[in-house]
Amino acid sequence: MSRITETIEQQLAAAADQLDKIAEQMAQAESGRAIQQLNKKYGALAPVVERWRQFCAARQRLTEARELESDPEMAELAAEEQQIAGELMMQAEELLLEQLAPRDENDSKNAFIEIRAAVGGDESCLFAGDLLRMYNRWAESNNIKLNQVSASEGEVGGYKEVIAKASGRNACALFKHEAGAHRVQRVPETESQGRIHTSVCTVAVLPESDFKDAGIENADLRFDTFRASGAGGQHVNTTDSAVRITHLPTGIVAECQDDRSQHRNRDKALEIIAARVREHKLRAQRASEDASRREMVKSGERADKIRTYNFPQGRVTDHRVGLTIRRISEILAGDLGEFHTALARAERAEQLERAALERS
């Protein structure tokens, strides 16, 4: 089923007509200034119209191939032609959607990835560790650096909360679809009766920001220092190297204690607070009733899920696009490519439809 809706088709057909008119005007234009202006308009429209015409040609080829099916002598040729035309149409559609979709200004930015244990106690903490390892491998396979910024470790392993920074080309675009509640169904190692438990972790993906983008004034911040400690009370610092920063107008807090240097912990916490405050303000603009940044991952309840990792059945299901992949070990080893592609396609189609409706 094509993702090029009737509304989008009407917009594209109008753009093709407009391009033809501009070409006629260019042929008749006499002044250099007029030609220059028309060239600019033509250059903006031509790539989109070219992709649209390629899509239409492939669709017409597919239609003609289907018409050949009624002739028994042409059945074999018709089947072959349909396969070729169908593939060409899918390729043309994908290129067209990429051309048309509005660009997300955050895609090219670095991003903070925050993983929190929600429902499930120790098992949720362990799953948070699994997600962090999965993201480390996904980042590595895409030439993205993923550096841990801060962490609060679980009592039996994993993390109550862990924050990592993804840095590199289009880092935010690579991870933005991971935001939401991730549900895991498996038998914990501590379960003696072999019962399946359901646990949840939430993931937030925040584009890197600066104080100007976030609209933060120095007077809005309160800085506190305290002594840092590692898991189980180990590695206790003898100096107040840990830093906690509170944004007073919103109450948003960020802290960092992973480094023995108070100065470096302060810098990391400032980066996190800027990203959180910016996200909080953007969400307030989009929906005043959902002003809290935590709404990005909803409540962390079992029902608020974007993806389910079912170990007994060996499958992972992304509920946003209805995609199930029965390779759970490969997925947790960082093979997120199929999910990423499907979610990016769905996002482009949604953006395109929204933009077309706004223009109509």
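**Close-up views of a predicted model**

**View 1. Aromatic pairs in the model.** The count of aromatic pairs comes to three. One of them joins F127 and Y309. These two rings are edge-to-face, 5.2 Å centre to centre, with 70° between the planes. F127 lies in helix α4 and Y309 in strand β9 (residues 307–310), so the pair ties together parts that are 182 residues apart in sequence. F127 and Y309 are both buried. The structure shown here, as in every view below, is a predicted model.

**View 2. Y135 and F175, another edge-to-face pair.** The ring centres of Y135 and F175 are 5.6 Å apart, and the planes make an angle of 85°. Distant parts of the chain are linked here: Y135 belongs to helix α4, F175 to helix α5 (residues 171–175), 40 residues apart. Buried or exposed, what is Y135? Y135 has 1% relative accessibility, so it counts as buried. F175 is buried too, at 0% relative accessibility.

**View 3. Helix α4, end to end.** Helix α4 covers residues 122–141. At 1.5 Å a residue, its 20 residues should span 28 Å. The end C-alpha atoms are 29 Å apart, which agrees with that expected span. N143 follows α4 and has a positive phi, near 60°. Both F127 and Y135 sit in this helix.

**View 4. A salt bridge inside α4: D130 and R133.** The closest N and O atoms of D130 and R133 are 2.3 Å apart. What separates the two residues along the helix? D130 and R133 are three residues apart in α4, so about one helical turn lies between them. D130 counts as buried, at 16% relative accessibility. R133 is partly exposed, at 41%.

**View 5. R276 and E114, a buried salt bridge.** In this pair the closest N and O atoms are 2.8 Å apart. R276 is in helix α7 (residues 262–286) and E114 is in strand β1 (residues 111–117), so the salt bridge ties together parts that are 162 residues apart in sequence. Both R276 and E114 are buried. Which residues make up the salt-bridge network that includes this pair? E114, R116, E161 and R276 are linked in it. Across the model, the salt bridges number 23.

**View 6. R53 and D20, a salt bridge from helix to helix.** The side chains of R53 and D20 meet at 3.1 Å, N to O. R53 is in helix α2 (residues 32–67) and D20 is in helix α1 (residues 6–28). The two residues are 33 residues apart, and the pair links distant parts of the chain. R53 is partly exposed, with a relative accessible area of 38%. D20 is partly exposed as well, at 37%. Side chains of opposite charge can pair when their charged atoms come close.

**View 7. Helix α1 and its buried residues.** Which residues of α1 are buried? They are I8, L12, A15, A16, L19 and I22. D20, from the same helix, is partly exposed. The 23 residues of α1 should span 33 Å at 1.5 Å a residue. The end C-alpha atoms of α1 are 34 Å apart, in agreement with the expected span.

**View 8. Cysteines without a disulfide.** How many disulfides does the structure hold? The count is zero. The cysteine sulfur closest to that of C125 is in C201, 7.5 Å away, which is too far for a bond. A disulfide needs the two sulfur atoms within 2.5 Å. C125 counts as buried, at 6% relative accessibility. C256 is also buried, at 1%.

**View 9. Confidence along the chain.** The protein averages a pLDDT of 84, and 88% of the residues score at least 70. Over residues 231–236 the pLDDT is below 50. Beyond near neighbours in sequence, residues 231–236 have eight contacts in the model. The pLDDT is also below 50 over residues 288–294. That stretch has 15 contacts beyond its near neighbours in sequence. Where pLDDT is low, the predicted coordinates should not be read in detail.

Conventions: Residues are numbered from 1 along each chain as its sequence is written. This is a predicted model: local features need pLDDT of at least 70, side-chain atom pairs count only at pLDDT 80 or more; totals for chains, interfaces and linings use all residues. Side-chain values use heavy atoms; hydrogens and water are left out. A salt bridge is a side-chain nitrogen of Lys or Arg within 4 Å of a carboxyl oxygen of Asp or Glu. Helices (H or I, at least four residues) and strands (E, at least two) are DSSP runs, numbered from the N terminus. Buried means under 20% relative accessible area, exposed over 50%, partly exposed in between (1.4 Å probe, protein chains only). pLDDT is the predictor's confidence in each residue, from 0 to 100. Contact means heavy atoms within 4.5 Å. The expected span of a helix is 1.5 Å times one less than its number of residues. Rings of Phe, Tyr and Trp (its six-membered ring) pair if their centres lie within 6.5 Å; planes under 30 degrees apart count as stacked, over 60 as edge-to-face and the rest as tilted.
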